[in-house]
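Visitor: I would like a close look at a single part of this protein, with enough of its surroundings to place that part in context. Please take me through it slowly.

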Amino acid sequence: EDTPEKSYAGVFKSVLNVYTKEDMKRAIKEIYEDFLRKSKGEIAILVQEQFTKEKFGVMFGFDDKIVLEVTLNDPTGITSGKAKIKDLYIIDKENAYVYNNRNWKILFDLEIDKIREANKKIRNIIYPYDVEFVIYRGDFYLLQVRPLHKKPEFKIGVSNLYGIGVSSGRVIGRVSFSEDNKGKDKILVTDEIPFEDIEKVK
């Protein structure tokens, strides 16, 4: 649906939940008539298997990082902006940061590794890129790949860090990843520390 110069995301009609031959004929007719109302020329209509469950998302590769949004069991939730549950991930060569308002994340670490592998393959063909994907039964499927015309803008709220707290309760403060950068307003995030050494980093 795109050209090398411009993205037409959401401009042309897509039809979901097509089960029978009659449904298929009706869907093709709808798409073609919609196209004629909006454009002139010829159109190729893509027919592909529909995933209805699992993990759906969009992924952007630029500036040596991967930025993606993902949701659960909602094929159009991210692209329509109506997803009820979603995570924002920013992934670089060493780390994956997840932003949401829950205490659990949608993607497993193994799935993040598969995304990194896919990123390597995609950027050999096109970079920067804009991708729609699904993770179904642990496998990573590309639904659409196109050039990135505009860097995405995201409103980043809470970054959830997963691990075991030294003491129970909730805290607010600046996160520090260095034991040398301490203070009463800091939350120290570090590798596991032996119990007897905890006093040393307070």
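To begin with the whole, what does the accessible surface of the protein come to, and what percentage of it belongs to carbon and sulfur atoms? After that, which residues of helix 3 are buried, and which strands do they pack against?

Guide: This is a predicted model, and the accessible surface of the protein comes to about 14900 Å², of which 51% belongs to carbon and sulfur atoms. Buried residues make up 26% of the 202 residues, and the protein averages a pLDDT of 81, with 71% of the residues scoring at least 70. That confidence varies between the elements: strand 1 has the highest mean pLDDT, at 94, whereas strand 7, residues 159-160, has the lowest, at 52.

The protein has three helices and nine strands, and along the sequence they follow the pattern α-β-β-α-β-β-α-β-β-β-β-β. Of the contacts with a separation of 6 or more, 41% are accounted for by residues 24 or more positions apart.

Now to the helix itself. Helix 3 runs over residues 109-123, and its 15 residues reach 21 Å from the first C-alpha to the last, close to the 21 Å expected at 1.5 Å a residue. Its buried residues are Glu111, Ile112, Ile115, Arg116, Ala118, Asn119 and Ile122. Seen down the helix axis, these buried residues fall within an arc of 165°, so they line one face of helix 3. The face turned away from that buried side carries the exposed residues Asp109, Leu110 and Lys121.

As for the strands, the buried residues of helix 3 pack against strand 1 (55-62), strand 2 (65-72), strand 3 (86-91), strand 4 (96-99), strand 5 (129-136) and strand 6 (139-147).

One residue on the strand side shows this packing in detail. Isoleucine 66 lies in strand 2 and is buried, with a relative accessible area of 4%. Leaving aside residues up to four places away in sequence, isoleucine 66 touches Ile115, Arg116 and Asn119, and also Met59, Phe60, Tyr89, Ile90, Ile91 and Tyr129. Ile115, Arg116 and Asn119 are among the buried residues of helix 3. With tyrosine 129, the contact joins positions 63 residues apart in sequence, whose C-alpha atoms are 9.7 Å apart in space.

Methods:
Residues are numbered from 1 along each chain as its sequence is written. This is a predicted model: local features need pLDDT of at least 70, side-chain atom pairs count only at pLDDT 80 or more; totals for chains, interfaces and linings use all residues. Side-chain values use heavy atoms; hydrogens and water are left out. Helices (H or I, at least four residues) and strands (E, at least two) are DSSP runs, numbered from the N terminus. Buried means under 20% relative accessible area, exposed over 50%, partly exposed in between (1.4 Å probe, protein chains only). Contact means heavy atoms within 4.5 Å. Accessible areas come from the Shrake-Rupley method with a 1.4 Å probe; for residues, only the protein chains shown count as cover. The expected span of a helix is 1.5 Å times one less than its number of residues. The arc is that of the directions from the helix axis to the C-beta atoms. pLDDT is the predictor's confidence in each residue, from 0 to 100.
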